[in-house]
Amino acid sequence: MRRRMEPSSLEFRATVDDAWYDVRLYLLKDSLTVKFIHFSDAYNETFTSNCFITLQELHHFAKRFRPHSVQLQDPDCSKVVEGITVCASCFPKNDDLRFFDAVVHSVKREKHSFSNEEEKCQCTFGLHWQHGENVGAITSASIENLCLIVPNTQIDPKVATFLRISKQKIERTMPNPSSIERISNSNSIERKTTDQDTDLGGGIWSMNIIHENQGHHFILVEALEKDLRPSTIVEFIQKQTSILSKAYVYPSLLSESYTRGIIVVNCKEKLKKIYKFLDNPDHIIISYRGRPWVITETKFRRGIIESTIGGFMSKSSNRIAGTCGELKVIYSGTEEYRMAKCLQNLYTDFANHQRRLHQKLDLEEKRILRRNID
């Protein structure tokens, strides 16, 4: 059975390949050095408190640390059930053993064998990889490939100190809330795009970031829950694709049971990776109510988004109990997938019908206006 030798009490998801490694930490003033065990100092990663611009970036950095995962033994296979996330080993290239997170997609139970009173697990586990070269793929694994993730109930003291220093620096550079005009029903937004083929629409945006002043690549996502928070989208996309994005959610009409939003990144390659995940026919993203996400446009766009947002609401004041906007991935072959696919097709038919009505409205308006001019 393969084991992670001489484990430390802490593991870190490296920025270079998103694999988990046993590490030791060295804190010097406002600098945190991550030392990878069994690797030379050339592989060290050093972070300073100036590396982070937003609290969101700092939050995602903190999630790269966790307690050392526990290697599963053959009698432990009952602990592996569909839907849990495990830390699994694989050999991406050159027989270089690495560990990545994966969601257990399926479990095929088999009767265990016994040899010299030693139990041998014969079960097979389907893994949906969350990081690494196999991200998005589903492959088979056995019990010796799996480690249980230990809940991160207490932050390492060195990490906690570094996060506190970094947070203080970020907060000193944040705009003073009193200098931001607070608007209740008259939030304004100015949006400039280089793509005039499709209008994303206007209105109030629900967002965590106050101001954007550079070109970004973005894609429209439809059929979102009306109470879905942008931060939920960002966290979900980061977990599934390892890409840190930004998300904006549109307001909707009272008569609509859904809303729309956009996912924004700073380069086209990242957007392609996100789109590949969102449009994968092997799975569907659904909300806690079972509503599936729908992508009706395959065209990527680029633009400049500038906004003024009024006020800040705490989680308790703008999240209704029981409607936390949770998202999950469901896979082909399940009853949940079949139902979500039906709902996706229903929304797509509706969207296509609505598009034809918009085209008809446009033609009728032009005809009336032309007749008035004549």
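Lysine 35 counts as buried because its relative accessibility is 16%, where buried means under 20% relative accessible area, exposed means over 50%, and partly exposed covers what lies in between, with a 1.4 Å probe and protein chains only. Its side chain meets that of aspartate 41 in a salt bridge with 2.9 Å from N to O, a salt bridge being a side-chain nitrogen of Lys or Arg within 4 Å of a carboxyl oxygen of Asp or Glu. Aspartate 41, with a relative accessible area of 56%, is exposed, so this pair has one buried partner and one exposed partner.

Before I go on, please keep in mind that this is a predicted model, in which local features need pLDDT of at least 70 and side-chain atom pairs count only at pLDDT 80 or more, while totals for chains, interfaces and linings use all residues. Residues are numbered from 1 along each chain as its sequence is written, and side-chain values use heavy atoms, with hydrogens and water left out.

Let me stay with the charged pairs. The salt-bridge rule gives a count of 20, and one of these joins aspartate 17 to arginine 98, whose closest N and O atoms are 2.9 Å apart. Aspartate 17 sits in the loop between β1 (10-13) and β2 (20-28), whereas arginine 98 belongs to strand β8 (residues 98-108), so the pair ties together parts that are 81 residues apart in sequence. For the element names, helices (H or I, at least four residues) and strands (E, at least two) are DSSP runs numbered from the N terminus. Are aspartate 17 and arginine 98 buried or exposed? Both of them are buried.

A salt bridge within one helix is formed by lysine 272 and glutamate 269, at 3.7 Å from N to O; both residues lie in helix α4 (residues 268-278), 3 residues apart, which is about one turn of the helix. Lysine 272 is partly exposed at 39% relative accessibility, and glutamate 269 is exposed at 53%. Elsewhere, Glu225, Asp227, Arg289 and Arg291 are joined into one network by salt bridges that share partners.

I turn now to the rings. A pair of aromatic rings is described by the distance of the centres and the angle of the planes. Here, rings of Phe, Tyr and Trp (its six-membered ring) pair if their centres lie within 6.5 Å, and planes under 30 degrees apart count as stacked, over 60 as edge-to-face and the rest as tilted. That rule yields 16 aromatic pairs. Phenylalanine 12 and phenylalanine 47 make an edge-to-face pair, with 6.1 Å centre to centre and 65° between the planes, and this pair links distant parts of the chain, with phenylalanine 12 in strand β1 and phenylalanine 47 in strand β4 (residues 45-48), 35 residues apart. Both phenylalanine 12 and phenylalanine 47 are buried.

Tyrosine 21 and phenylalanine 36 form another edge-to-face pair, at 5.4 Å centre to centre and with 85° between the planes. Tyrosine 21 lies in strand β2 and phenylalanine 36 in strand β3 (residues 31-36), so the pair ties together parts that are 15 residues apart in sequence. Tyrosine 21 counts as buried at 15% relative accessibility, and phenylalanine 36 is buried at 4%. Ring pairs link these four residues into a cluster that also includes Phe39, Tyr43, Phe52, Phe61, Phe65 and Phe162.

Next comes helix α6, which covers residues 335-373. With 39 residues, α6 reaches 57 Å from its first C-alpha to its last, close to the expected 57 Å, the expected span being 1.5 Å times one less than the number of residues. Its buried residues are Tyr337, Ala340, Gln344, Tyr347 and Ala351, while methionine 339, also found in α6, is partly exposed with a relative accessible area of 48%.

One position in helix α3 (residues 230-241) deserves a mention, namely threonine 241, which is buried with a relative accessible area of 2%. Threonine 241 and histidine 131 are 110 residues apart in sequence, yet their C-alpha atoms are 6.8 Å apart in space.

Finally, the chain as a whole: its secondary structure comes to 6 helices and 20 strands, and buried residues make up 41% of its 374 residues. Taking contact to mean heavy atoms within 4.5 Å, 68% of the contacts between residues at least 6 apart in sequence join residues at least 24 apart.
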